[in-house]
Each structure stands twice: as C-alpha cells, then as structure tokens.
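Colleague: I have a fold in front of me and would like to learn how to read its surface patches and ring pairs. Could you walk me through them?

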Amino acid sequence: KNKNLGGGGGYLTNRGGMNYDLDDEGYELSLVGEGYIGKLCLNLDELLDPLRIHLMPCLSDAVFVGALGGAAKRIEVAIRRTQFTALGALTLDSDIRYLLNYAKERVNAVELKSNVGLQSRCQPLARLMQISMLMSVDDLEDVLDLILSMKKRSTESAAANAALVGASGRSGGGLSGSRWDLSNEDVKVFLNLRVDFEGRKVNELFHSTEKE
C-alpha cells in the first residue's frame, strides 16, 4: 500500500475546526501544507490495518467501508459549520477526491475500485462528493443544471444495471450508481456557506423551482 499520504489541502484552525474561508494566500498555503484529510487517512490505516490483516477480503472491505462512512458523516457535520470562499470550495473538492482515491487504494474488491462502485457502497462518501461538486459551482445559475445532470446520470446508470440483470439473470451487486442524495433544503444550506453567494438569491432560486 502507498503510505505517502501527506496530501489533503484543507486544514484545521487552532480550535480544531475546518478552515475553507481561504483568500489567495491561504489557498497557496493549503497547497503546500499537510491537511486534515491526509491525517485522517493515516489514522484510518493505523486503526484498521491491525484488524484487517486477519480478515477475509470481503470482511476487510466491509470493516473499511463502514469506518469510511463514519468518517464521511463526521466530515459532513463539520462542513455544515464552516464558511467557504470560492477557493475554499475548490480545496474541499480536491480534499474529497483525495479521500475517494485513498479509499479505492485500500479496498480489495474490484467493483469497489471504481468511483461509482465505491460511492454506491458508501453513501456518506457519495454525499460528500455531491456536496463538494455543489460547493464548487462558479455561479448559482449552474446549480440546477448540475443537479439535473447528476439525477439523469443516476437514472441512466440504474437503467443500464437493470438491463444487465435482465440479460444475465444475476444481480448487479447494488452497484447501479449513487443517487443524488441532497434535498433542496440540503442544497440551500450548503450554498449559503459560500461567502460570495447571497442568501436571498439562493432561496429565490429554489423558490422559483418549487412553484413550477
């Protein structure tokens, strides 16, 4: 396994909270500093490796994915208490992709080594990916297109999986692609964390769609 896990750009404040309220200088520092995601990955290895080496591959994966899901839920809770600049949102997206790639290196099952497979098995991680994509939009006008695109992709993936099951007579293993899991209320909460987005415009955006 690759133990070189010094990456992960987002970093912690002196009080232990996340810091994604980054200006240009803070963003540059985040690129060269050791972030909390890298430390989290190291901690997961130190905690789980002594146990996983004694387990069958499928059980080892189950233990790892369970721990990963627990960590992802705690990250989401912390995100909800954090403010973001546009640069901070880009850093979050990089951090969550780093976590995803780390996880794909640690699992044994081939079907879990793809983005779709792993996110389908670990819904809290899929939520983090969706949150990071949402937070990284350049403009509020891009939000609805992003959500529609993700929902369409999920529907097409589910249809393809159903066709595969019908043709082979075998289950697709539940790897039909992660659904869009964020409610409109979730979306508003996360978009309002962006310091450059006006809360009034965020709420008006969804108010107009709910009327339709």
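Modeller: Happily! Let us start at Val-32, which sits in helix H1, residues 24-32; helices are DSSP runs of H or I with at least four residues, strands are E runs of at least two, and both are numbered from the N terminus. Keep in mind that this is a predicted model, where local features need pLDDT of at least 70, side-chain atom pairs count only at pLDDT 80 or more, and totals for chains, interfaces and linings use all residues. Residues are numbered from 1 along each chain as its sequence is written, and side-chain values use heavy atoms, with hydrogens and water left out.

Colleague: Is Val-32 buried or exposed?

Modeller: Buried means under 20% relative accessible area, exposed over 50%, and partly exposed in between, with a 1.4 Å probe and protein chains only. Val-32 has 72% relative accessibility, so it counts as exposed.

Colleague: Which residues make the nonpolar surface patch?

Modeller: Patches are made of residues with over 30% relative accessible area and no salt bridge; like charges are joined within 9 Å, and nonpolar side chains (Val, Leu, Ile, Met, Phe, Trp, Tyr) within 5 Å. A salt bridge is a side-chain nitrogen of Lys or Arg within 4 Å of a carboxyl oxygen of Asp or Glu. Here Leu-29, Leu-31 and Val-32 form a nonpolar patch of about 330 Å².

Colleague: And which residues form the negative patch?

Modeller: Asp and Glu count as negative. The patch consists of Asp-21, Asp-23, Asp-24, Glu-25 and Glu-28. Asp-23 lies in the loop between strand E2 (18-19) and H1, and its 49% relative accessibility makes it partly exposed.

Colleague: How many aromatic pairs are there?

Modeller: Rings of Phe, Tyr and Trp (its six-membered ring) pair if their centres lie within 6.5 Å; planes under 30 degrees apart are stacked, over 60 edge-to-face, and the rest tilted. The count is 3 aromatic pairs. Tyr-20 and Phe-84 have ring centres 5.0 Å apart and planes at 10°, so they are stacked. Tyr-20 is in the loop between E2 and H1 and Phe-84 in the loop between helix H3 (57-79) and helix H4 (86-106), so their pair ties together parts 64 residues apart in sequence. Both Tyr-20 and Phe-84 are buried.

Colleague: What about Phe-64 and Tyr-102?

Modeller: Their pair is tilted, at 5.9 Å centre to centre and 55° between the planes. Phe-64 in helix H3 and Tyr-102 in helix H4 are 38 residues apart. Phe-64 is buried at 1% relative accessibility, and Tyr-102 is buried at 1%.

Note on methods. Areas by Shrake-Rupley, 256 points an atom, 1.4 Å probe, with all protein chains shown as cover. Charge placed at Lys NZ, Arg CZ, Asp CG, Glu CD.
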